[in-house]
Amino acid sequence: MFRRPALQVLRQFVRHESEIASSLVLERSLNRVQLLGRVGQDPVMRQVEGKNPVTIFSLATNEMWRSRDNETYQMGDVSQKTKWHRISVFRPGLRDVAYQYVKKGSRIYVEGKVDYGEYMDKNNVRQQATTIIADNIIFLSDQTKEKA
């Protein structure tokens with residue numbers, strides 16, 4: 001008499017656990033980044049032993065806002081904050097195109113995903129790094145024109 005309800009509870013628990021496990025397998029997530037900015041340095045290509053080469057460059061994005069809350073749109077001081085992003089390109093075709101055509105000052109659009117990693121610096125101190133792994137780059141303009 002006591003054994004039967006305990007077995008039913010156990011079956012419900014196991015069934016519940018298997019439903020949770022199957023729902024976790026079907027769960028989706030998204031790691032997507034879109035950046036529009038100017039290249040801060042010419043790309044470099046690096047290769048670690050036994051791994052595929054990677055093209056790396058920096059990209060600056062700006063956030064702008066007005067410091068005053070005026071009703072007139074033109075009034076108020078405009079403030080700006082620049083964020084720097086480390087872009088890494090691993091895809092073979094895109095990696096080579098980025099290395100050849102991305103230049104300092106170019107305005108580009110980058111799509112990719114965020115990657116967090118660690119590395120050891122020159123002093124053997126563990127550092128954290130945030131990188132954007134690019135899977136698409138769109139060239140929007142040539143280098144900035146310098147004023148003569």
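## Close-up views of a predicted model

**Overview: the order of the elements.** Starting at the N terminus, the elements of the chain follow the order α-β-β-β-β-α-β-β. That makes two helices and six strands in the chain. Please keep in mind that this is a predicted model. The chain has 148 residues, of which 22% count as buried.

**View 1: the largest pocket and its centre.** Here we look into the largest pocket, which holds about 540 Å³ of space. Its lining is made of 18 residues, and those closest to the centre of the pocket are V48, V54, I56, R86 and F90. A good place to begin is with these five names, before moving outwards to the strands in the next view.

**View 2: the strands that line the largest pocket.** Four strands each give at least two residues to this lining: β3 (54-66), β4 (78-89), β5 (107-120) and β6 (126-139). Strand β5 provides the largest share, with five residues. Sorted by class, the lining contains eight nonpolar, five polar and five charged residues.

**View 3: a salt bridge between E111 and R32.** In this view the side chains of E111 and R32 form a salt bridge, with 3.4 Å from N to O. Distant parts of the chain are linked by this pair: E111 belongs to strand β5, while R32 sits in the loop between α1 (3-26) and β1, and the two are 79 residues apart. Are the two partners buried or exposed? E111 counts as buried because its relative accessibility, 17%, is under the 20% cut-off. R32, at 41% relative accessibility, counts as partly exposed.

**View 4: a salt bridge between D96 and R95.** D96 and R95 pair up in a salt bridge, and their closest N and O atoms are 3.6 Å apart. On one side of the pair, R95 is buried, at 9% relative accessibility. On the other side, D96 is partly exposed, with a relative accessible area of 39%.

**View 5: a salt bridge between E118 and R126, and a shared network.** The salt bridge of E118 with R126 has its closest N and O atoms 3.2 Å apart. R126 is exposed, its relative accessible area being 58%. Elsewhere, R32, E111 and D135 are joined into one network by salt bridges that share partners. For the chain, the count comes to four salt bridges.

**View 6: a nonpolar patch on the surface.** Three residues, L36, I138 and L140, make up a nonpolar patch on the surface. Together they have about 250 Å² of accessible area. Where does L36 lie? L36 is found in strand β1, which covers residues 33-39. With a relative accessible area of 42%, L36 is partly exposed.

**View 7: N124 and its positive phi.** Our last stop is N124, placed in the loop between β5 and β6. The phi angle of N124 is near 60°, a positive value in a residue other than glycine. Is N124 buried or exposed? N124 counts as exposed because its relative accessible area of 61% is over the 50% cut-off.

Conventions
Residues numbered from 1 in each chain as written. Predicted model: local features only at pLDDT ≥ 70, side-chain atom pairs only at ≥ 80, totals over all residues. Heavy atoms only, no water. 1 Å grid on protein atoms, 1.4 Å probe; cavity = no way out; pocket = protein on both sides within 12 Å on 5 of 7 lines; lining within 4 Å. Points joined across faces, edges and corners; volume = space filled by probe spheres on them. Nonpolar A, V, L, I, M, F, W, Y, C, P; charged D, E, K, R; others polar. Buried < 20%, exposed > 50% of the residue type's maximum accessible area, 1.4 Å probe, protein only. Patch = residues over 30% accessible without salt bridge, like charges linked within 9 Å, V, L, I, M, F, W, Y side chains within 5 Å. Areas by Shrake-Rupley, 256 points an atom, 1.4 Å probe, with all protein chains shown as cover.
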